[in-house]
Amino acid sequence: MKLKHGTLAMILAGGRVDELNVLTYYRPKSAVPFGGLYRIIDFSLSNLMNSGLERVAILSQYRNFSLINHIGSSAAWDMVGRNRGISILPPFKGSEKSSWYRGSADAVAQNLDFVRYHHPEVILILSGDHVYHMDYRQIIEYHRGNEADLTIGFVPVAPEKSHRFGVATLDGEDGSPGGRVLEYREKPEKSSCNWASMTVFCFRPEVLYEELSREVEGRENFEFGRDIIPRMVAEGRRIFGYKYFDYWGYTRTVEEYWQTSMDLLGPAPRIHLEEWGLRTNLEHRAIRDYQPLRVGAGADISDSLIYNGCQVEGRVKRSILFPGVKVGRGATVKDSIVFFDTSIGAEAKLDKVICDVNVVFEEACLVGRRRGESEAAATVVGWSNVIPSGADIGAGCTLYPHLDRKRLGGCIDNGEVVK
Amino acid sequence: MSREFCSFRPPPTTVVFLLAGGVGSRLNVLVQSRAKPAVPFGGLYRIIDFSLSNVMNSGLDQVGVLTQYKPLSLMRHLGTGEAWDFTGRSRGVKVLPPRTGSKDSDWYQGTADAVRQNLDFLQNHASTEVIILSGDHIYQMDLEEMLEFHRRRQADITVAMMEVEGEQISQFGTGITDSDDRIVEWEEKPEVPRTNLASMGIYVFSTEYLLATLERNRLEIDFGMHIIPRAIERDNVFAYRFRGYWRDVGTIQALWEANMDLLRPDSGISPQEWGIRSNPEADGPVADRCPARFAAGSRVSGSLISAGCRIAGEVVNSVLSPGVVVEEGAVVRDSVIFADCNIKAGATVDLAILDKKVVVGHGSVIGRGDNRQVPNHLHPKHLYTGITLVGKKVLIPERVVVGRNCIVNSEAELQPGMLIPTGETV
């Protein structure tokens, strides 16, 4: 079966991210809620939809129930039809060797029969973990024009942050859309490279098949960034970098997740959900069944995003509320992100809190940073907790999901982790 | 093997006809380009969503929607019926417009005539009962319970009825019942009522009875006027008592009041708890509506705000549909604003209903003056309590002042600084 557009997209959505902690306790990183309504993978899926790339596979192995629910029939991204569809590819058992996915490259390698079946002209490999808006047709066109073996999307990065990314130096002149990759290093301790990989890879299929069929010596698992790309650079393959200058939100730590969320707010937001054509699955968690937000007579809301199904009687400032969140009379929610169906009782105070779904904050509890602690870290509350009245929980705390409410009743100091 | 595994799923035994053909002319500019059931309500919904969701939540899934007046908006809203779970091998929703044929080549003359012209739909779906309901009421009802009542009483017809207060009764078909809930007398829109029991326009018919009765006399074209009164004299007609929130929103005043009921938690209306679904896909958005955005300095109280709104000004006691923009310094009070309206900086909207995509220019005022008693001169029965109506896509330029009980039609062209006095129609 030949693909209409010639491109098969594969989204790497398998991972749990340790630094995100309890937010990825029951769901993969790509299914983490974002922006009052969406999941992080919606950015990649909507970019694909808006780029007219509609044959998509999602590689997923960690707790993928939430992700499978979210993808549903794929109709949300208009990917239902003869040449349109999203296939979720979990690890599987075969008659020969079978194993869990041992890294991003291994995940694709284990599904090469799926890939070959579609006879793609270009294989576009993406991460489902980033917040950005990109027309993939442009990088594919650049890739084709260069007759490249591999083209990688890059964003500018300050050298002191290069230890967090796969980084490269490019030989392109200023103003050109990109250039040859001269050097590529995965998360180097120190580097002078100033381009960071976005995990957007356009592969020439034969090259990908060949690279994935080769053993990587001394490795139990293998990754594109750490193993495949450095080897390809070393062996002189035609690898190009495509420069991307617009917003690119990274959400691998709690603080980054909080900061990227805050980029939705303020007088000049950096993330433009509707202009970007972002879509999500409104059937997931029955989002579409919620009625409009009900704002009570005494409410005070400023610089916030609030979705349908919420009820606000209290004060909400610089915060993001997902469907079904209730904020009681006299309660204050500030600099916080509150996921679906959480209820905040009267007179309760939340300041710089990221709270997962189905949490109950009882009346007058105090959670998060206090007056004067402007630099304090966010407190993260795992799902299905009850924070009793009288609780006094500090900044930078982590509360695991489903805790016994008795453990949360007293005073919890800044930075404590309750498991 | 247990019975569930070896037997087929029983075929549906009930067919639903949803009457969605009415003009609803008292809704004035709101029905200029759409049928009454397609009029937006409660921010996210259309009026017909309440009936459709009641059908869905009652487990019924063979539906014919009888349309005739400006059906495009309605048909787009229904789509495949997937929003109400009407898709699948044994489920379906069909739009049934009037059509020409060898015998039947007329517009629908009335409710019974509309069903009569679609007897083939009925015959194609084997059923024991037929439910006929109107697509223009705001309520929640378990139709399955009404069906059980119908079967228990071995009725030919069951009519859903509720008690209404005061003079309202003269707008309805009314029934007098005996102690057994059998309807013994019927009066259609009585001037001097003898009962407070009003028909809600929801009927259960035994299918055979309906087929026989519609074939008997083709001059009987209306259920309330002809079929029911005659049936009461000769056959078994019962009243199924309904208690709860129910509104006919066929007038501007009633539509506004029902919207305001949504703002009071004690009013007994809650689309979310009632399981009311709409079809947000109908307008084919390129993106999903993002959460409502509240700017620093916005002031909102006692209101319903839908996704996609952007509020920088003040909103009091109002219902906003998706995508409404209220700029800095603008005020919206006691109003119902349909989707994608834009209230520019410094503008005021007070006691008004704005149809979709209306732009209110800088510093303009919609609804000014203390004189709410002077009704609209052209339509004194439509607007008489102070509400001002603005039609779809009207562009109101800067510094325009519109009084009370005014109508601004869709085609209206206004000049900056214009004054439209109370009671005027443009």
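**Exercise 1. Find out how many residues of helix H7 (residues 224-234) of chain A are buried, and which ones they are.**

*Step 1.* Start with the count: eight of the 11 residues in helix H7 of chain A are buried, and the helix is mostly covered. The model you are looking at is a predicted one.

*Step 2.* To decide on a residue, use the cut-off: buried means under 20% relative accessible area.

*Step 3.* Now name them. Near the beginning of the list come A:Phe224, A:Gly225 and A:Asp227, and the list goes on with A:Ile228, A:Ile229, A:Arg231, A:Met232 and A:Val233.

*Step 4.* Look just past the end of H7(A): there A:Gly236 has a positive phi of about 80 degrees.

**Exercise 2. Work out what covers the two faces of strand S9(A) and which strands pair with S9(A).**

*Step 1.* Strand S9 of chain A runs over residues 166-170, and five of its five residues are buried.

*Step 2.* Sort these residues by side. One face carries A:Gly166, A:Ala168 and A:Leu170, the other A:Val167 and A:Thr169, and both faces are covered.

*Step 3.* Look for partners. S9(A) pairs with strand S10 (residues 178-186) of chain A in the antiparallel sense, over five bridges. With strand S11 (residues 195-203) of chain A the pairing is also antiparallel, over two bridges.

*Step 4.* Follow a single residue, A:Ala168. Its bridge partner in S10(A) is A:Tyr184, while in S11(A) it stands opposite A:Trp195.

**Exercise 3. Trace the open sheet of 12 strands and explain what happens at its edges.**

*Step 1.* Read the order from the chain A end: S29(A)-S26(A)-S23(A)-S20(A)-S17(A)-S14(A). The sheet then carries on in chain B with S16(B)-S19(B)-S22(B)-S25(B)-S28(B)-S31(B), and the pairing is mixed.

*Step 2.* Check the edges. Strand S29 (386-387) of chain A and strand S31 (407-408) of chain B each have a single partner strand, so one side of each is left without a neighbour in the sheet.

*Step 3.* Zoom in on one pair. Strand S26 (residues 360-361) of chain A and S29(A) run parallel and share two bridges. Within this pair, A:Phe361 stands opposite A:Ile387.

**Exercise 4. Describe the open sheet of seven strands in chain B.**

*Step 1.* Write down the order, S15-S18-S21-S24-S27-S30-S32, with parallel pairing.

*Step 2.* Mark the edge strands: S15 (299-301) and S32 (419-420) of chain B each pair on one side only.

*Step 3.* Take a pair from inside this order. Strand S18 (residues 314-316) of chain B is joined to strand S21 (residues 331-333) of chain B by three bridges. Here B:Val316 has B:Arg333 as its bridge partner.

**Exercise 5. Decide whether the radius of gyration of chain A agrees with that of a compact globule, then build up a picture of the whole chain.**

*Step 1.* For 419 residues, a compact globule would have a radius of gyration near 22 Å; chain A has 22 Å, so the two agree.

*Step 2.* Add the dimensions: the C-alpha trace of chain A spans about 65 × 50 × 45 Å along its principal axes.

*Step 3.* Count the elements and the cover. Chain A has eight helices and 33 strands, and 60% of its 419 residues are buried.

*Step 4.* Consider the contacts between residues at least 6 apart in sequence: 58% of those in chain A join residues at least 24 apart.

*Step 5.* Finish with the surface and the charges. The accessible surface of chain A is about 16800 Å², with 46% belonging to carbon and sulfur atoms. Its 51 positive and 54 negative charges have mean positions 3 Å apart.

Definitions and conventions:
Residues numbered from 1 in each chain as written. Chains lettered and ligands numbered in written order. Predicted model: local features only at pLDDT ≥ 70, side-chain atom pairs only at ≥ 80, totals over all residues. Heavy atoms only, no water. Helix = DSSP H or I, 4+ residues; strand = E, 2+ residues; numbered from the N terminus. Rg over C-alpha atoms; globule rule 2.2 N^0.38 Å. Buried < 20%, exposed > 50% of the residue type's maximum accessible area, 1.4 Å probe, protein only. Contact = heavy atoms within 4.5 Å. Areas by Shrake-Rupley, 256 points an atom, 1.4 Å probe, with all protein chains shown as cover. Lys, Arg positive; Asp, Glu negative; His and termini not counted. Charge placed at Lys NZ, Arg CZ, Asp CG, Glu CD. Pairing = 2+ DSSP bridges.
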